[in-house]
Every structure is written in structure tokens, then in C-alpha cells.
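User: Could you walk me through a few local features of this one? I'd like to start with a single residue and then move on to a helix.

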Amino acid sequence: QIFNQHNAEAPNLEQAFHRMAQMEPNLDHDVSWFLLPSYWAKMVVALISFLCFANSYDGDFVFDDSEAIINNKDLRAETPLGDLWYHDFWGSKLSSNTSHKSYRPLTVLTFRINYLFAGGFYPVGFHVINIILHCTISVLMVDVFSILLGGLQFSNKGRRLNLAPKSSLLAALLFAVHPVHTECVAGIVGRADLLCALFFLLSFLGYCKAFRENKEGYTFSVFWVLVSVILGAIAMLCKEQGITILGLNAVFDALVINKINLLELIRKLLYKDKSLENAGLLRKGLLFRITLLMCGGASILYIRWRIMGTGPPAFTEVDNPASFADSLFVRAINYNYYYSLNAWLLLCPWWLCFDWSMGCIPLIKSVSDWRIIALAALWFCLIGLICQALCSEDSHKRRILTLGLGFLIIPFLPASNLFFRVGFVIAERVIYLPSIGYCILFTYGFSLLSKQAKKKKILAVAVLGILLINVMRCTLRSSQWRSEEQLFRSALSVCPLNAKVHYNVGKNLADKGNQSAAIKYYREAVRLNPKYVHAMNNLGNILKERNELHEAEELLSLAVQIQPDFAAAWMNLGIVQNSLRRFEEAEQSYWTAIKHRKKYPDCYYNLGRLYADLNRHIDALNAWRNATVLKPEHSLAWNNMIILLDNTGNLAQAEAVGREALELIPNDHSLMFSLANVLGKSQKYKESEALFLKAIKANPNAASYHGNLAVLYHRWGNLDLAKKHYEVSLKLDPTAPGTKENYNLLRRKLEQLQKKGG
């Protein structure tokens, strides 16, 4: 449906649109920058944005990628597609108390498509899509900035005019090469921000497409307004910030389409001026469009609320310490300090860190803290800009500053702690959209300086230098995101007080087998945050493996004391107590772990081992059976069941369990080996031989596989083959128990046979 808009008292909007270029100053007039045709401008922006992040294409899965992608069952084909709409970003049910409540089903859907096309967890495809998305967004920014900086105007043929080609190119380049975007592009989890930004911009461009000029007057299309609302909903289904585009569309409509003077409007509202209609607020169409946007936004939020439930996400004090402060003053001061740090990252993105929590930014607790200066500087700048945006007599200046501030502040509101607690102190990824506002303000500031400067080329060279520095910074930072080791170590110099940084460096070292170095970083993490239960748990695990059982027990006991529902720590405490032969305490710890995590196959496995040590065979078998029910691919539990049944003489039952296990895990050589032993004792030599050979093919360097196959041949009477495999086994492990004795027995038997034959 198309609506015509006429106003007898005010100038016709069609005429205003045609006269805008003459009446308002052109931003490009004073900007000393490159002037390129639209096609070439977009090609340049695409190429430079690609060069900034191209070296991240073959990076690993790092940091949050493990939880959001590798451990997320929603990516696998066996998970019904419908589950994506009832799970959070990390694959947990939204109804769960542990859910993060981050509802991004469309982002998870793209991860799932990546996984299916790649045939597994191969990060290259994931990274390539992220790079392509950022390049696409940067290209769209040329059009977006041309509207925000030059206004929405059309030619006589109805084609949109770009009245700020140089300024829009500069702003798009600033956006494309901003180093703060590295986390979104080089970190695969940043896909949520990229997809959100893509549909955010499409929603804005769709809203602009709703307006047209013709000879009869100024028209708008309800269809395109609704399309804009739908695209905003899609943006929100990629990430929560997407909903803010509806508010920005309303601001754009009021300022650019209807040219409302906010200060004049406020005055007339305060004094109840009867000429309010002339201010533009009640012009036909504006309230209707804003009503559509508000109804659309309310509907989207209601549907999301119904799906995710009313319960807020459960964050801890270490995630966002300011939000847990008792004093409202302390909370307010620190929130504002966080805002100033976000602003500084936009202005000077040199110190970047994958995580800013856990002591990285100590709380401001009094006005005597020197960091208060940052708050004062932030609000001095903001108040100055707001005053200029409201009070300037230059309508062009008012429009650009208001749009710049709008795009800077409104997309940031969901991360501001004003409406609800967020799970971070600072997150570079949430500045992706607000950086649009920064680029508008930077470009406008550059135009003002160019207007005053006598040597404009020097100023242009300086801005070009900033762009080149940002390109180099992006390249360096994206290389740091290629692996966890580089990423975590890069944070040590930025946030040396961040316990999580030391924890992650330690975890990375432990995963690589460097336990001594890992212990050092885990200890530092616990020193920086004495309540860091995950660091205690991991440190306790390493000490347990190094047989430092008493210190391990102290750490794990402290961890469960701090967090009584920490199931993994309870299980590890049980393992340590079992090793110390305190079996009753170990059993109690295992059951406590299971109480807090009902589906805990590894805990049932360890409980089974405890029962086996106590010769409680039926309890052990039941525990291991529970482990395999919860996790059918739990190879160790299956193996222990087979071995226990074999050792207790229940060969038929052991064989049945072994066959059941191999049906579920057909390529597990340890299961083949265990079942082959059972079949050999049952004198099913041919089948046993086949399984032994299959196991050896899968793992040719296992001495026990060759040794037990040799025993089979020895029993079977195939003495030459027995001799061959005894020798292979002894070559692989000269100290293999029993093998040397069996080999000597065989040699004596062969010598006797040779004498008889002789």
C-alpha cells in the first residue's frame, strides 16, 4: 500500500528533497579525499577489508568456539532442526537454569550448515564465511554512509543520489579496517555479530527504500516498512542487538525524512504550543510508520520472551563485578568507566584482549580514584556533542551529529547494564555496530578540520596514515586469533591482573602436555582470584596425575566448598580420595557429583572403578552400564565391563557385552582386543584371530595386542605364527609381563619338536 503525504502549510517534501543539495552544505565540499565511482569505491572497500583479515582464514577453533561449535550438539545432523528454536547459543535448553539465555538460532543454523558442508569440524570454512560477511558488510556501509552523511535524495528518475561519495568512502574504509572488529571476524563465534550487522544494515536500507518522490508528492511504501521490521527481527535472531535498528529507523525517519528539530520540538511540547503540527511530529505518515515499528518491535520481543522464558541468565560476580556491587554509586561509577573504556577502544584500538573480566579492570570504589578522569572526559565530550546536535543553527550539522550519536549509543544499549545485567565487563564484539556512529563522527570531524586547514593534503595524509596503521593492527591481531596459544599469550601484557587469562594460558599448556608450566599459570590464576574454582579444579587434576594427592585434595575440597554444586570438582575429589584409599569418602563424593549433574557418564565410570577395587562386582557393572546408557560411545566403561566379566569367568556375558559395544563403536581397537581375548578363551579361535588382526591393523605398535595374539596361536597350535608375534611384542616392549616367559616356553617346545623330527 502506498500513502501520499501533502501538507498545505509546510513546504512540500518533494520540493524540499529536490532543493536539499542547494540549501544544505555538502559534506564532501571541504573533504580532501579520493573521489571514486560507486562501483570502484565498493571494490576498494571490499579488497582492503579482505586484506585486513585474510590471514585468519586457516586459524583454529579458539576460546569460545569450543563451546559454541565443537561441543554444541545443535550442529550435528542427529539433532532435530526444531531444537535450535528452543536452545540457546551454546546448545543448552533455554528453560534450563544454567542457560546463558543468548537466543541466536539463525547464527547456530549457519554453523550447522558449515559443519554439514565441511563434513566435520574443519575451521577453514567457518573462517572464510566470517571474512566474506565482514567484506559484504563493509561494502554495504558505502551505501549506508552515503545516506547518513549525504541525506536521502533522489534524481528525477527516482534513483537515489550519493551526495557524499568521498565522505562515505572514508567512513566505510574506517569501518572496514577498525582493529576492534578482529574478534568478530577472526573469532568464529563473532559470526553472531556479523550476521546481526548484515541484517541490521539491510533493515536500514529497506526502510530507506520505502521512500520515493514523484510528481504528485512524497510517498512511502508500507511494504518496505514491514520488510524493514522483518529484517530487524532476523537481525535479532542472529544476536540481541539487532532489535535496536527499529529505534534507529524511527530516529532516521524523524530527522532526515521529516527534518524535525528536536530542540524546537521539546520547547513546543513543554509549552504545549498549538503549532506543534508544524514541527513535523504529526505530519501524516510519521506516526503511522513509528507505530508500525513499535508494534513490530513489541511483537518480536514478546515472541522472544515466550520462547526463552522470564528467568534471567545466571551470571557470577567474576563475569561482571560492578553489577554485584551493593552500592548504587559504585555500580554507576564503574558502568560509566566501562563506557569510557569502550569509547577509548574505538579511538585507540591498540590494547585488545579476548577477555576483560576477572580483575582485568579493578572496581572504582571512591571518587579519589584517578580513573574518574576518564568518566569526566567521556561525559564532557558527549555533552558537547549532544549540545551541538540539539542547539546548532546548522540543520546539516544537527542531523549528522544526532545520527552519529544515535548509531553510537542505541546499538550499545543492550550491553550497557542499564536494562539487565550482562555477562562481561567489556566485550570488543559488541562495539561492531556502535563503531558505525564512531565512523560518522570521525568523518564529520575530518570535514570540519579540512574546512579550517590551509594544507588539506597534510590532513588527508594523516588520515591515510591512520588507515594504514589500522590495517597493520588488524593483520597482527587476526594472526593472534589464529591459535589459542598466541591469543592467550597476547592478553598477558594487556590484562596481567586477569585470572582468566592466566587460566587459559595454563589450560593451553596442559593440553599440550606441558604440565610444569601449566601449574605455574594455574597457581597465578588462583592467587589473583582465590575463588576461581575452575583453576583449582584443573590444578588439582594435574597434581593428582603427578601423585601430589594431598595438595590436590586440599584444592578440590576448597573448590567444592566455594561452589557446592561444582560436579566436576566433586568427581575429581572422589578420584583423589580413591587413590588415597579413603573409599567411603570417595563414594560419597561421586554420588554428590551425580546429584548435581544427573547425566554424568564419566562419574559413573569412576564410581564403577571404585566398586571394582572393593570387589563389589555387581555395583561396578551397574555403574558402568549407567555410563554407557548416558554415553553409548564410552569406550572405557564398555572395556571395563568386558574385562570384569572375563576375569570373573562370565565368558558368555562378556562376549555379549563385547559384541554390543562393537556394534555401537565398530572402529574401537581396544574393544576388539578385549572381545578377542574372550573369544580366544571360549576357543573361538578363528573369530578371535580376525579381531586381533583388525586391532593390530588399527594400532600396530601395541605390544599387548601382538603378545595376546601370540598366546592365541600358541593355544591353537600355530607355533610359527605364535613365535613371530611374541618376537614383535618383545621388540615393542622387552619388559612385557608374561610375554618373555611364554616366548621361552614356545622356544623350548619348538626345540623339542625339532629334536623329535631329527
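Analyst: Glycine 297 counts as buried because its relative accessibility is 9%, where buried means under 20% relative accessible area with a 1.4 Å probe and protein chains only. This is a predicted model, in which local features need pLDDT of at least 70 and side-chain atom pairs count only at pLDDT 80 or more, while totals for chains, interfaces and linings use all residues. Residues are numbered from 1 along each chain as its sequence is written, and side-chain values use heavy atoms, with hydrogens and water left out.

User: What is glycine 297 in contact with, leaving aside its neighbours within four places in sequence?

Analyst: Glycine 297 is in contact with Ile243 and Leu246, contact meaning heavy atoms within 4.5 Å.

User: OK, switching to helix 21, how many of its residues are buried?

Analyst: In helix 21, 11 of the 13 residues are buried, and the helix covers residues 533-545; helices here are DSSP runs of H or I with at least four residues, numbered from the N terminus.

User: And at what angle do helix 21 and helix 23 pack?

Analyst: They pack at about 20 degrees with their axes 10 Å apart, the axes being lines fitted to C-alpha atoms over the stretch in contact, and angles running from 0 to 180 degrees between N-to-C directions. Helix 21 and helix 23 are therefore roughly parallel, a term for angles under 35 degrees.

User: Which residues make that contact?

Analyst: Helix 21 contributes Asn537, Asn541 and Lys544, and helix 23 contributes Ala568, Ala569, Asn572, Ile575 and Val576.

Terms used. Buried < 20%, exposed > 50% of the residue type's maximum accessible area, 1.4 Å probe, protein only. Helix = DSSP H or I, 4+ residues; strand = E, 2+ residues; numbered from the N terminus. Expected span 1.5 Å × (residues − 1). Parallel < 35°, antiparallel > 145°, perpendicular 65-115°, else oblique.
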